[in-house]
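User: Could you take me through one part of this protein slowly, the biggest open hollow on its surface and what builds it? I'm in my first year, so plain words please.

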Amino acid sequence: MNGSALPSPISSSVDFERDGVQHGFLRLPHSRNDSAWGSILIPISVVKRGHGATALLTGANHGDEYEGPIALLELARTLRAEDVTGRVIIVPMMNYPALRAGTRTSPIDDGNLNRAFPGRPDGTITEKIADYFQRFLLPLADIVLDFHSGGRTLDFVPYAAAHRLTDKRQEKACFDAAMAFGAPFAMRMLEIDAFGMFDTAAESQGKIFVTTELGGGGTARASTIAIAKRGVRNVLKHAGILAGSIDAGSSIHLDMPSNDCFIFAEDDGLVETCLDLGDEVRSGQVVARIYPVGRTGLTPVEHISKLEGMLVARHFPGLVKAGDCLAVIGTIPRV
Ligand code: CA
């Protein structure tokens with residue numbers, strides 16, 4: 001049977017059409033050893049007043065990225081219906097099992113939610129969550145803001161991002177919203193593998209989609225949390241859902257023009273980082289060295305930048321494995 005013909009096993013305790021503030025759950029049945037007829041309760045808030053645009057705001061698509069969940073829990077707690085024209089749907093912890101485990105992927109099925117779209121109503125726990133967003137939440141939205149950071153293994157300069165799209169009007173709307181977020185940087189983002197991403201699901205439904213990379217290392221910093229809190233309100237103002245002027249300096253544009261942006265380790269070892277986040281990079285400059293750790297006297301492997309630009313992301317732990325993303329170089333477009 002085609003999975004998309006089935007109802008979702010997830011039920012919502014909030015009414016998306018009701019005015020006011022509601023805090024509730026998406027209840028996903030999960031029968032298991034410690035709870036025979038148990039379920040997973042994914043927190044959700046809806047704040048609605050009258051008619052207008054709908055924003056879908058999400059965090060912890062990856063469970064070890066914290067700026068989004070913090071900013072969205074604060075927003076859900078403080079946003080009043082009288083502040084809003086239209087509707088705000090807030091899911092601070094999309095992959096709730098992963099958030100609880102402090103891991104990128106789900107501890108239940110090892111599912112990477114951001115590679116699980118469009119999902120399946122009769123699939124794994126993670127596929128069921130993806131399917132619910134795909135078929136029930138995304139269609140409600142006009143604008144989607146999905147918070148990311150680097151998680152435990154990457155660290156980023158703080159940016160809001162939008163993708164190159166074939167529909168140039170949609171691309172501009174997405175990038176305008178990313179600029180409105182008001183992070184220090186605004187990235188025209190290239191994905192290593194866009195298949196199965198929430199981003200792609202939202203964009204293919206014609207939505208205005210903004211994502212972020214705000215830091216990483218498996219934690220959140222005061223500065224990046226402040227960027228997240230300000231950014232989400234800026235995006236709501238940009239969408240006409242909140243009143244008031246956008247509180248943002250002008251973000252510096254960054255681009256990822258080709259796969260030359262990504263530097264991947266081809267060896268296991270100890271990383272010598274030669275640049276810090278935000279440092280300028282010349283073409284041909286050594287970005288990192290990888291030292292083999294088995295013996296002394298060996299020459300480290302040097303990784304050079306093929307591009308001129310800025311170090312926008314780096315591997316966070318001190319040890320790398322072959323295949324790990326070691327660094328990302330963003331370019332600074334001439335204006
Ligand atoms: Ca992420």
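Analyst: Let's start with the strand that matters most here: S10 supplies the largest share of the lining of the largest pocket, three residues. Keep in mind that we're looking at a predicted model. The pocket itself has a volume of about 610 Å³, and 30 residues line it. Want some landmarks to click on? Arg104, Arg115, Leu154, Phe156 and Ile192 are the lining residues that lie nearest the pocket's centre.

S10 has company, too. The elements that give two or more residues to this lining are strand S7 (154–156), S10, strand S12 (262–264) and S19. As for chemistry, the lining is a mix: 12 nonpolar residues, 10 polar and eight charged.

So where does this pocket sit? Domain 1 (3–255) and domain 2 (260–330) both contribute residues to its lining, so the pocket lies between them.

Now back to S10 itself. This strand covers residues 208–213, and it's mostly covered, with five of its six residues buried. Buried here means under 20% relative accessible area. S10 also pairs with other strands. Strand S6 (residues 143–146) runs parallel to S10, and four bridges join the two. One spot to find: leucine 145 stands opposite valine 210 of S10. Strand S8 (residues 159–163) pairs with S10 in the antiparallel sense instead, over three bridges. Here you can look for alanine 161, whose bridge partner in S10 is threonine 211. If pairing is new to you, the idea is simple: strands of a sheet pair through backbone hydrogen bonds, either parallel or antiparallel.

Next, the second largest pocket. Its volume is about 210 Å³. Its lining is made of His163, Arg164, Leu165, Thr166, Gln170, Met189, Leu190, Glu191, Ala194, Thr200, Glu203 and Ser204. This time a helix gives the most: H5 (residues 198–204) puts in three residues. The lining divides into four nonpolar, five polar and three charged residues.

There's also a closed space to look at. How many cavities of 30 Å³ or more does the structure hold? There is one of that size, and the largest cavity has a volume of about 60 Å³. You can pick out its walls by selecting Val271, Thr273, Leu275, Val287, Ala288, Leu311, Arg314, His315, Leu326 and Ala327. Strand S13 (269–273), S15, strand S17 (309–315) and strand S19 (325–330) are the elements that give two or more residues to the cavity lining. S17 gives the most, with three residues. Sorted by type, the cavity lining has seven nonpolar residues, two polar and one charged. Notice that S19 turns up again: it is one of the elements that give two or more residues to the lining of the largest pocket.

Two of those cavity strands take us to a sheet. S13 and S15 belong to an open sheet of four strands, in the order S16-S15-S13-S18, with antiparallel pairing. Strand S16 (301–304) and strand S18 (319–320) stand at the edges with a single partner strand each, so one side of each has no neighbour in the sheet. Looking at one of these pairs, strand S15 (residues 286–291) runs antiparallel to S16, and four bridges join them. Within that pair, arginine 289 has glutamate 302 in S16 as its bridge partner.

Finally, zoom out to see where all this belongs. The protein has six helices and 19 strands. Its radius of gyration is 20 Å, close to the 20 Å that the globule rule gives for 335 residues, so the protein is as compact as a globular protein of that length. Along the principal axes, the C-alpha atoms fill a box of roughly 65 × 50 × 35 Å. Of the 335 residues, 53% count as buried.

For contrast with the mostly covered S10, try asparagine 33. You'll find it in the loop between strand S2 (20–29) and strand S3 (39–49). Is asparagine 33 buried or exposed? Its relative accessibility is 88%, and exposed means over 50%, so asparagine 33 counts as exposed. To get a feel for distance, compare its place with alanine 194, one of the residues lining the second largest pocket. The C-alpha atoms of asparagine 33 and alanine 194 are separated by 35 Å, and the two residues are 161 residues apart along the chain.

Technical notes. Residues numbered from 1 in each chain as written. Predicted model: local features only at pLDDT ≥ 70, side-chain atom pairs only at ≥ 80, totals over all residues. Heavy atoms only, no water. Pairing = 2+ DSSP bridges. 1 Å grid on protein atoms, 1.4 Å probe; cavity = no way out; pocket = protein on both sides within 12 Å on 5 of 7 lines; lining within 4 Å. Points joined across faces, edges and corners; volume = space filled by probe spheres on them. Nonpolar A, V, L, I, M, F, W, Y, C, P; charged D, E, K, R; others polar. Buried < 20%, exposed > 50% of the residue type's maximum accessible area, 1.4 Å probe, protein only. Domains from an automatic or database assignment. Rg over C-alpha atoms; globule rule 2.2 N^0.38 Å.
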